[in-house]
Amino acid sequence: MTFPPFRFAVTCLALAGSAFSAAAAEDPARAGVDFLENKIRPVLVERCFKCHGGEKPQGKLRLDQRHFVLQGGKSGRVVLPGDPSGSLLIWAIRGVDQELSMPPDEKDQLTSEEVQNFVMWIQLGAPFPGAGWGSVLTSATPQPFTPGRDG
Ligand code: HEC
């Protein structure tokens, strides 16, 4: 697949970044995990896990643990930390590619703000709670940051 220019992501990043930078300056590890907890976790759990959780993951892609997110699916890697424009996941949720639009049902499409948040999250390095492979996400409810465990 060839990717068209990615002006969209750059604009979004500038918008999301201004709100984020104050918290990140204090504690980047915590700010990254908090961003995941508040902006990404609920969307992943409620909109993606039905098909990309631990049971029979579609497209051979699990999105419930950092290890699996970075491993990718049947097309190979789908998230390149720090490189949203090179990440297939972003193209999928933007819904611009007729062949791979996620979630598949058009009425479930993410809002542009939700897409922007995923762009920002990948730009931040796709942080997850938990050291190493990261915790397995199950609940949609944001969890408090745990120093030592999370960064
Ligand atoms: C109703 C089921 C369903 C839901 C909900 C869903 N997906 Fe998918 N997803 C699929 C199927 C089926 C495929 C395989 C599509 C194909 O191969 O053409 C897939 C493939 C993918 C792929 C490509 C994997 C690869 O390696 O080829 C990505 C990335 C992806 N989904 C991301 C997401 C994200 C992010 C969400 C939530 C916002 C989501 N999906 C929600 C069913 C779903």
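In the protein chain, residues 24 or more positions apart account for 60% of the contacts with a separation of 6 or more. The model behind this figure is predicted. The chain holds 5 helices and 0 strands. Read along the sequence, its pattern is α-α-α-α-α. The protein chain has 151 residues, and 32% of them count as buried.

The ligand comes next. Its shell is made up of 22 residues. C48, C51, G59, G73 and S75 are the closest of these. Two helices, α2 (28-52) and α4 (88-94), each supply at least two residues of the shell. The largest share comes from α2, with 5 residues. Sorted by class, the shell has 13 nonpolar residues. A further 6 are polar, and 3 are charged.

Helix α4 also contains I93. This residue counts as buried because 22 C-beta neighbours lie inside 10 Å, and the cut-off for a buried residue is 20 or more. Residues up to four places away in sequence are set aside when the contacts of I93 are listed. On that basis, I93 touches M102, L110, V115 and F118. The pair I93 and L110 shows how sequence and space can be compared. These two residues are 17 residues apart in sequence. In space, their C-alpha atoms are 6.8 Å apart.

Two of the contacts of I93, V115 and F118, are also among the buried residues of α5. Helix α5 covers residues 112-123 and has 12 residues. From its first C-alpha to its last, α5 reaches 16 Å. This is close to the 16 Å expected at 1.5 Å a residue. Of the 12 residues of α5, 9 are buried, so the helix is largely enclosed by the rest of the structure. The buried residues are V115, Q116, N117, F118, V119, M120, W121, I122 and Q123. Just after α5 comes G125, which takes a positive phi of about 100 degrees.

Taken together, the helices can be linked through a few residues. Helix α4 supplies at least two residues of the shell around the ligand, and α4 is also the place of I93. I93 in turn touches V115 and F118, and both of these are buried in α5.

Methods. Residues numbered from 1 in each chain as written. Predicted model: local features only at pLDDT ≥ 70, side-chain atom pairs only at ≥ 80, totals over all residues. Near = placed C-beta within 6 Å. Helix = DSSP H or I, 4+ residues; strand = E, 2+ residues; numbered from the N terminus. Nonpolar A, V, L, I, M, F, W, Y, C, P; charged D, E, K, R; others polar. Contact = placed C-beta atoms within 7 Å. Expected span 1.5 Å × (residues − 1).
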